[in-house]
Each structure stands twice: as structure tokens, then as C-alpha cells.
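This report introduces a structure to someone who is meeting it for the first time. Please look over the sequence and the model before reading on.

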Amino acid sequence: MVIRTGLRWKLSAAIALVGALVAIAVSLVVHNAARVSMLDNSRDVQTERLNYTQRIYETTNRLPFGAKLDDPALPAPLRDEVAKNKRATYLQDTGDTVPEVWAAAPLSNGRVLSMHDRFADRFAVLDDLDQAVVIGSTSVVLAGCALGVLIGGRLSKRLRKAAAAAGRLADGDTSVRIRDEVGGRVRDETDDLAWAVDAMSDALQRRIEAERRVTADIAHELRTPVTGLLTAAELLPPGRPTELVRDRAQALRTLVEDVLEVARLDGYAERAELQDVALGDFVTRRVKALDPGIELTVLRDAEVSTDPRRLERILGNLIANAARHGKPPIQVTVEGRVIRVRDHGPGFPEALLREGPSRFRTGSSDRAGRGHGLGLTIAVGQARVLGARLTFRNADELTDGSTGAVSVLWLPENAPTDTGSFPVLNLRQGEGPKG
């Protein structure tokens, strides 16, 4: 399972983790340094007190400040140092209580003067220091989290805008500029990425446009010789060779016209000429004119505002594809604004369901046949001009083992105001568009 988190939370967690590690390290260093300083200071204070006490004892023979002579509790290491005729201090620290600070010095009469104290008030400051460090460290971590959320949120917002703009660009909106979507006063790597993607998009658009123009120019230049070829074929004497020449010449002319139509659709220059149409009656007349044997069902009629010529082109291409690659019966169903075309053949190939129609690809071996693979490509382009959705899927397997390809055209409720205002979807299961 992949866990997805936002950039702001990752950045905030990273800053919080680094802040916590730094705070812990600083806290340990400050605590140890303060403790060592307090212990050294306690030794110095105890030494000063011992010197003062020794002077008082040698002058008045009194032992102030709790000093003792030959204290039997004197730690052994300190006793050994004093035996060497040295003045010394000793720190007795068990870790459970406040350390005891011992100081001892040999006297001229051979005895040992010693004193010890805990200095509890001094070490109580260390607890206050630890508390202050903890509060300060926690504040730093929380402030780092807030800063991480703020910075990460801004960066995440810019990246989401860039992703949304890239999505619109992928859907065919060539006017989108990612650098404009993520623009701001502060420039960072996001802007560099946006400029790079825009540059790549511009380069791809120029290349696609150049290829489209070349294709259109070639197809346009072929129209004249192909028309002449058809005219010459009509002058040939009747016979089987003449029929073959006419058939191939007509196929070549159809290919040239289809290529020109694809080029115009690729240029997003086509606009729909809208009329109010009774969809059920319109489809009935067109289907009967194409093939009276097609099974037509009008479940529910609807009044639509569309371009009849383009709608007829889509319907004709879908039926022609079903007749060429599928098996009878071919069924056309009208339900409100939805038109379904189904055959009972092997169904659409996986590549078409996954990637959508592709020009000059006629299908897999089980759907091989005549044609140039432009019919569905033109249908998709014309549907985009109408602002419609065109989906492709395979029907569930029937008792006889056949499945069938199902093409569904979803006409919009409102008349299209711009070419390509609705996306073209390819669905494998179900007929309802997502979103």
C-alpha cells in the first residue's frame, strides 16, 4: 500500500525532526556545561570556605560552618590526597541526590580539617534551566512546524496549479501557460519547471502543427490527380479490370478526403453550425438511409441543439465501423441525448480501449478488415467540435460467446460555445462518464 502525503506535511515533518534533534543536542550540551560549571564553582566555594575556616581555627581554635577534625566519614580518595600533605576537594555524586562537595586540608598539628556541603540551592537552578530549555526547544519545534506548513503549503499550491494546468494542456487546451498559472513574486525551481514544460509544449505544438500542415498539403495536392484518375477510370471500357481500377481510385479519393478532414479537426479550427433537431426522428431517418437492416430503438426522444452534418458524420462512421469489424445484428439505440451503436462481434481491441482511436490503425487481427483506421478518429474529432462525449467499451459476453463493441455518443445539454469544450473519454466498463 502506498501512503500519499502532501508536500507541506513532509516539509513540516522534516523541519520538526531537524528542530527536535538540534534542540535535544543543544539541551544536552547546555545541561552538561551548566552542571560542570556549577560543580567547578562549588569546589571553588568549598575551597574558599575551607581556607577561611582554617584561619579562624588557627586563630580562635573554633570550628565554624560545620567543619570537622579527623572526620571518619571522609572519603578514602580525599583522605589519601591529604595524607600526601595536599589540600584537595572531592565530589561525591551518586546521581540520585544533589552532589556532596568535600574539601580537606592538613593542619600543622597533624590533624585533618574537613567540611562538606550539598549546595542544594545552587543545583536547584539547574532544574529551572532544564525546564527553560525544554520550553524553548518545544517552541522552536512548533514554530518550525508552522513555518514548514506555510512554506510547504505555498510550494504545494504552486505545484497543484502547475499539475492542473498541465492536465488542461494534455486535454488539448494549447492556450494554457503553466508559468502564468504558478506565477508569483518569488521565483524558485517551480518557475524553472513551468518554463521548461511550456517550452516543451510549444516545441511539440510547433512540430504537430508542422506535421498537420504537411499532411494537409499532401492530401490537398493529391486531390487533383485523384480526381483526374477517377475521371479517366470512367472512360475505360466496361469489365472487371475497370471495376477494380474504379474501386481503388474511389478508395484513394475517400482516403484523401478523410486525411484532409482529420487535418482540419487537428487544427481545432472547426466550428459547429447549430440547429434544433429532434434526435429520435433524425437518427431514424439517417439509419434507415444507411442500412434498413439495422435494429433501431428510440427509448426516449429529445430536442437537441447540434450540427446535423457533423452528427450524421459521427453516426455514419460508428455504423460503418460496426459493419466492417463487427458482426450483425447492429443495434442503434436513442435514449434522450444518448446514442448507442452496438455490434455483436469480438469487440474493440485492448489498445483502442486503453489509448483511444488512432489513425491508420485498423485494429487487432480479430478485427482486421478493409479501411484506414480513420473512421473512429474522425468521429472523435467531430464529437469534440459538437462538445459531445464519445466513449468506447465492450459489452458483456452473451450466451453464444459473442461480446460486441459499444460506442456511446453523449450529446451536451447546452450548445457548445467553444471547440473541444468537453473531453472525449474511453470507458471499458459502464457507460456513464466519470466526473
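## Confidence in the model

The term pLDDT stands for the predictor's confidence in each residue, on a scale from 0 to 100. The structure shown here is a predicted model, and its chain has an average pLDDT of 77, with 79% of the residues scoring at least 70.

Two stretches call for particular care. Across residues 364–371 pLDDT stays under 50, and the model gives this stretch 19 contacts beyond four places in sequence; across residues 418–435 pLDDT likewise stays under 50, and there the model has 53 contacts beyond four places in sequence. Where pLDDT is low, the predicted coordinates should not be read in detail.

## The strands β2, β3 and β4

Strand β3, which covers residues 100–106, is mostly covered, since 6 of its 7 residues are buried. On one hand β3 pairs with strand β2 (residues 88–92) in the antiparallel sense over 5 bridges, and within this pairing Gln92 has Glu100 of β3 as its bridge partner.

On the other hand β3 pairs with strand β4 (residues 112–117), again in the antiparallel sense, over 6 bridges, with Pro106 standing opposite Val112 of β4. The hairpin that β3 and β4 form has 5 residues between the strands, and in this hairpin Gly110 takes a positive phi near 90°.

## An open sheet of five strands

Further along the chain, an open sheet is formed by 5 strands, which follow one another in the order β6-β8-β9-β11-β10 with mixed pairing. Strands β6 (295–300) and β10 (389–394) stand at the edges and have a single partner strand each, so one side of each is left without a neighbour in the sheet. From one strand to the next, the twist averages 15°.

Within this sheet, strand β9 (residues 338–342) and strand β11 (residues 405–410) run antiparallel and are joined by 5 bridges. Among the residues paired here is Arg342, whose bridge partner in β11 is Val406.

## Helices lying across the sheet

Which strands does helix α8 lie across? Helix α8, made of residues 308–325, lies across β8 (331–335), β9, β10 and β11, and its direction is at about 25° to β9.

Helix α10, made of residues 375–385, lies across β10 and β11 and runs at about 140° to β10. Strand β10, which α10 lies across, is also one of the edge strands of the sheet.

Key. Residues numbered from 1 in each chain as written. Predicted model: local features only at pLDDT ≥ 70, side-chain atom pairs only at ≥ 80, totals over all residues. Heavy atoms only, no water. Pairing = 2+ DSSP bridges. Helix = DSSP H or I, 4+ residues; strand = E, 2+ residues; numbered from the N terminus. Axes fitted to C-alpha atoms, helices over the stretch in contact; angles between N-to-C directions. Contact = heavy atoms within 4.5 Å. Buried < 20%, exposed > 50% of the residue type's maximum accessible area, 1.4 Å probe, protein only.
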